[in-house]
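Visitor: I would enjoy a close look at one part of this protein, with someone to walk me through it. Could we settle on a single helix and follow its surroundings from there?

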Amino acid sequence: MANPLFDTLFGQHLQSDAIFLHLLDGNKLTYADFLETAARYAGYLTEAGLNAGDRVAVQIEKSPEALAIYAACVQAGLIFLPLNTAYTAAEVAYFVENSGAGIVLCDDRIRDALAPIAKRCEAKLETLNADGSGSLPQQAASLPKTFETVPRSEDDLAAFLYTSGTTGRSKGAMLSQGNLLSNAQALKNEWRFTSEDVLLHALPIFHTHGLFVASNVTLLAGGQMIFLPKFDLDQMIADMPRATTMMGVPTFYTRLLGDERFTKDLSKHMRLFVSGSAPLLAETHVQFEDRTGHRILERYGMTETNMNTSNPYDGDRRAGTVGFPLPGVELKITDSQTGATLPQGEIGEIEVRGPNVFKGYWQMPEKTAEELRSDGFFITGDLGQIDANGYVSIVGRNKDLIISGGYNIYPKEIELLLDDQEGVLESAVIGVPHADFGESVVGVLVAMPGKALDLEGIKTRIGKSLARFKQPQKLVVLPELPRNTMGKVQKKVLREQYRTVFQ
Ligand code: MLC
Ligand code: AMP
């Protein structure tokens with residue numbers, strides 16, 4: 001095939017008058033209309049001088065046009081680099097610089113903030129707003145509604161998704177066409193997606209879950225999406241009667257359960273509810289079944305690997321487990337120190353191998369080598385266990401990571417900023433239980449001898465460079481951090497100490 005990802009996900013729908021997207025304002029968009037927009041954008045990006053393999057950094061609100069940029073990149077052989085809209089200009093600067101993006105696409109509201117970054121990185125800067133206006137659509141409007149698809153192979157890169165690391169430095173996970181395609185095919189089959197499906201889509205489209213899992217599976221099946229700008233409880237309840245399936249992070253499910261309008265009746269026609277990106281409490285799973293009669297299907301994945309495991313569609317969906325490895329995915333539990341495979345039932349590091357596993361971190365061969373073994377197994381940093389029936393459970397993390405409302409937050413990144421604040425000797429950032437977000441961020445500070453810390457001032461200053469969702473919801477001061485005999489900070493002790501601050 002000329003361009004396997006484009007041909008399989010999009011190409012099959014080029015002339016299709018079938019509905020693809022239902023929008024908040026009641027409008028509907030057919031596949032053909034969507035793909036004409038994508039073709040114009042692909043034409044624009046190519047005329048702007050971008051060549052196959054160049055990076056397109058986008059920090060734009062969710063909209064059909066934003067999704068069309070993804071399609072345009074695939075069609076033009078460009079690498080799509082979506083960025084969380086909550087990132088500050090300082091955070092975006094790193095991604096643009098590190099990726100060497102040839103163009104930065106943003107909302108008009110943040111154009112001025114990103115202009116110096118684009119200039120410094122010699123990247124073009126164009127805008128695309130949530131309502132479909134902006135400098136890019138303006139220039140693309142006069143271009144042809146068809147575009148000659150740029151040939152690519154399954155090994156060619158399709159997307160960079162940045163993921164932070166335990167060192168605090170973000171790494172660009174390089175995903176190939178084959179990575180995305182193989183996963184979309186596995187999930188469509190496992191979850192029985194067809195052209196009859198209407199997915200209630202309220203996830204952001206700058207991460208694996210909303211972009212690849214939700215959108216690619218729907219595209220492959222030729223289904224429809226009720227494409228909501230964000231999660232809004234009233235809207236979810238209003239739209240559920242029109243949907244057949246929903247995908248969400250656990251916060252979606254706890255919020256739905258917290259509303260008495262969410263009843264068995266409202267959801268009885270639904271075919272499937274999928275949860276992932278963060279642990280779904282077994283208690284939520286049980287409550288959901290009690291309320292609706294549906295058993296949520298929990299799956300497990302990550303940026304670097306797409307989806308690895310899934311509970312069965314037909315078999316027993318077990319609360320507190322993430323099910324079985326997907327077809328084509330190998331999963332083993334290993335000793336974190338030696339890498340040796342552990343006997344069945346023991347807890348260890350989860351490693352995965354398969355066509356879903358990424359190609360490495362952009363221009364970071366050492367980081368890649370630390371996590372991606374030469375035999376193809378990726379060391380996930382998650383701790384897991386496989387039971388006698390083959391169900392995988394995630395029991396903890398071997399990486400210092402907080403997951404809040406499905407967003408990953410790496411403590412190191414915040415600690416580096418806190419340590420730089422006036423009067424701070426050292427800091428430790430921890431995640432503690434939070435009823436809505438699952439986990440939330442607490443910053444523990446130690447002051448330099450004789451110094452008093454201005455906590456409000458510190459909050460304001462770090463807020464300038466750190467996305468809101470990463471900012472500690474609470475800062476506390478301790479005389480010293482608890483350490484073990486090796487001198488390592490005992491975050492477990494801190495997590496226990498501050499367990500109930502949000503409850
Ligand atoms: C928003 N806020 C958060 C937050 N989301 N704080 C902590 N954690 C979060 N996840 C903050 C905002 O900054 C704001 O702060 C306040 O909460 C309300 O903002 P909002 O925009 O109204 O929030 P809301 O719409 O309620 O968003 C919550 C959410 C959203 C859970 C619906 O975060 C969300 O859609 N999460 C999904 C993330 C996701 O797609 N993850 C997949 C990653 S892929 P203030 O103080 O200004 O009021 C992956 C692989 C895999 O992990 O396996 O899928
Ligand atoms: P990200 O880097 O944003 O892709 O996040 C990936 C991480 O999310 C994984 O390494 C897990 O720690 C976590 N994760 C994803 N799905 C689940 C799940 N179903 N249960 C528990 N943790 C999950």
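Visitor: Which elements do the buried residues of H12 pack against?

Guide: Happy to take you there, with the reminder that this is a predicted model. The buried residues of H12 pack against three elements: helix H10 (250–257), helix H11 (264–267) and strand E12 (272–275).

Let us begin with H12 itself. The helix spans residues 282–292, and its buried residues are Thr 284, His 285, Phe 288 and Thr 292. Because these four cover an arc of only 100 degrees around the axis, they sit on the same side of H12. Turn to the other side of the helix and you find Glu 283 and Asp 290, which are exposed.

Now look at both ends of this stretch of chain. Ahead of the helix, the loop between E12 and H12 holds Ser 277. Its phi is near 85 degrees, a positive value in a residue other than glycine. With a relative accessibility of 25%, Ser 277 counts as partly exposed. Just after H12 comes Gly 293, and here too phi is positive, at about 85 degrees.

Next, the partner helix H10. The axes of H10 and H12 come within 10 Å and cross at roughly 45 degrees. That angle makes H10 oblique to H12. The crossing in which H10 passes H12 is left-handed. On the H10 side, the contact is made by Tyr 253, Thr 254, Leu 256 and Leu 257, while H12 brings Thr 284, Gln 287, Phe 288 and Arg 291. Sorted by class, the contact of H10 with H12 has 4 nonpolar, 3 polar and 1 charged residues. Two of these names should sound familiar: Thr 284 and Phe 288 take part in the contact with H10 and are also buried in H12.

For a second helix pair to set beside this one, move to H7 and H8. Helix H7 covers residues 177–191 and helix H8 covers residues 208–221; they pack at an angle of about 75 degrees, with their axes 9 Å apart. H7 and H8 are therefore roughly perpendicular to each other. From H7, the residues Leu 180, Ala 184, Gln 185, Leu 187, Lys 188 and Trp 191 meet Phe 212, Val 213, Asn 216, Val 217, Leu 220 and Ala 221 of H8. By class, the contact of H7 with H8 has 9 nonpolar, 2 polar and 1 charged residues.

While you are at H7, pause at Asn 183, which lies in that helix. Asn 183 is buried, with a relative accessible area of 5%. Leaving aside neighbours within four places in sequence, Asn 183 is in contact with Thr 305, Asn 306, Met 307, Leu 326 and Asn 356.

One last stop returns us to the backbone theme of Ser 277. Gln 363 also has a positive phi in a residue other than glycine, near 50 degrees. Its place is in the loop between strand E17 (348–353) and helix H13 (365–371). At 59% relative accessibility, Gln 363 counts as exposed, whereas Ser 277 counts as partly exposed.

Note on methods. Residues numbered from 1 in each chain as written. Chains lettered and ligands numbered in written order. Predicted model: local features only at pLDDT ≥ 70, side-chain atom pairs only at ≥ 80, totals over all residues. Heavy atoms only, no water. Buried < 20%, exposed > 50% of the residue type's maximum accessible area, 1.4 Å probe, protein only. Helix = DSSP H or I, 4+ residues; strand = E, 2+ residues; numbered from the N terminus. Arc of directions from axis to C-beta. Contact = heavy atoms within 4.5 Å. Axes fitted to C-alpha atoms, helices over the stretch in contact; angles between N-to-C directions. Parallel < 35°, antiparallel > 145°, perpendicular 65-115°, else oblique. Left-handed = near helix turned anticlockwise from the far one by under 90°. Nonpolar A, V, L, I, M, F, W, Y, C, P; charged D, E, K, R; others polar.
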